[in-house]
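Dear colleague,

Please find the structure below, followed by a short account of what was found in it.

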Amino acid sequence: MEVIVPKYKFQFLNEFALKIIAIITMTIDHLGVMLCSFNSQDSTQYLIGYIFRVIGRIALPLFIYMLVEGMIKSTHRGKYLLRLAIMAIAIDIAMIFIYYFINHDNSLIPAFNDLLINGTILYFLLHQKKSLRFLAIFPLLISALSFGVDVYETLNPNIIIEWFPFYLRGDYSLFATFLTLGIYLGHMLAKRKTQEFLGNVPFDNSYRNGYYQVYVNIISIVVLLVINIIVYFLSYLKIDPYYSNIQTWSIFAGIFFFFYNGYRGYNTKWFKYSSYLYYPMHIIIIYLIFYLIYM
């Protein structure tokens with residue numbers, strides 16, 4: 001017997017919409033990074049750059065949200081993870097080239113490493129072989145090490161940890177990891193609650209919308225809020241690798257969580273692969289434009 005799970009009209013954003021919003025806000029953020037890097041703090045350009053960076057805080061939580069959605073719903077998690085690895089390596093190569101051959105500046109650290117690290121955590125947590133799930137501890141340790149190194153360098157601004165260079169770290173480290181695990185937990189709890197609603201009817205992917213998605217969205221918003229509160233209070237302990245005055249604006253990404261409906265939306269091959277290609281290309285283009293203007 002089929003059970004009709006409630007659906008809600010206010011859920012009008014699909015995955016395609018979230019991806020477009022994330023790409024736009026990410027691009028605005030990277031423009032803001034360049035404006036702040038190439039201008040003095042008392043300039044109008046720097047102020048505009050700061051505002052752009054605030055807007056850009058929306059991007060990472062949306063990418064993390066889609067990462068968890070993709071890993072949970074994908075039937076080919078290995079291929080999904082491989083695409084993340086290819087893109088992370090491509091972006092890191094671009095950043096290494098910029099850093100060593102154009103300008104000794106690491107201000108445009110890519111967040112794709114965070115997606116790869118946390119995608120790997122999810123890959124093992126969701127693995128069919130329970131004996132392999134403990135391997136999730138290794139990418140988790142990389143995230144924790146990234147956080148520790150960033151904190152140490154923040155407290156000691158004249159020291160750079162050369163043995164763990166910026167292009168191998170998770171830029172958002174534990175911020176991204178705790179958000180990933182929180183959203184993942186939201187899915188697990190939502191599945192349990194939906195199964196209670198279904199009774200004896202077996203749970204399948206057709207029930208991952210409506211009631212289920214509302215539950216995931218609310219938990220994800222709470223997790224995002226708690227993480228930002230922690231980041232805010234850590235800054236009072238002089239532990240502020242995420243620049244809390246900017247990063248805590250990411251709480252507004254929760255608005256888009258709330259309206260997400262769990263559907264994929266537009267997803268042709270050309271859009272999928274061009275959106276992957278956009279990440280390294282836009283970083284290179286933005287950096288070269290600003291370097292040529294301000295050199």
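How far apart should the ends of helix α2 (residues 44–56) be at 1.5 Å a residue? The 13 residues of α2 should span 18 Å, and the end C-alpha atoms are 18 Å apart, which agrees. The expected span is 1.5 Å times one less than the number of residues, and helices are DSSP runs of H or I with at least four residues, numbered from the N terminus.

Please note that this is a predicted model, in which local features need pLDDT of at least 70 and side-chain atom pairs count only at pLDDT 80 or more, while totals for chains, interfaces and linings use all residues. Residues are numbered from 1 along each chain as its sequence is written, and side-chain values use heavy atoms, with hydrogens and water left out.

In α2, the buried residues (under 20% relative accessible area, 1.4 Å probe, protein chains only) are G49, V54 and G56. Seen down the axis of α2, they fall within an arc of 160 degrees (taken from the directions from the helix axis to the C-beta atoms), so they line one face of the helix. On the other side of α2, T44 and L47 are exposed (over 50%). The cover over the buried residues includes α1 (15–37), α3 (59–73) and α9 (244–247).

The second largest pocket is lined by 29 residues, and E15, G70, Y80, R83 and R264 lie nearest its centre. Lining residues have an atom within 4 Å of a point of the pocket, which is an open set on a 1 Å grid where a 1.4 Å probe fits, with protein on both sides within 12 Å along at least five of seven lines. To this lining α3 gives the most, with six residues.

Yours faithfully

Technical notes. Helix = DSSP H or I, 4+ residues; strand = E, 2+ residues; numbered from the N terminus. Contact = heavy atoms within 4.5 Å.
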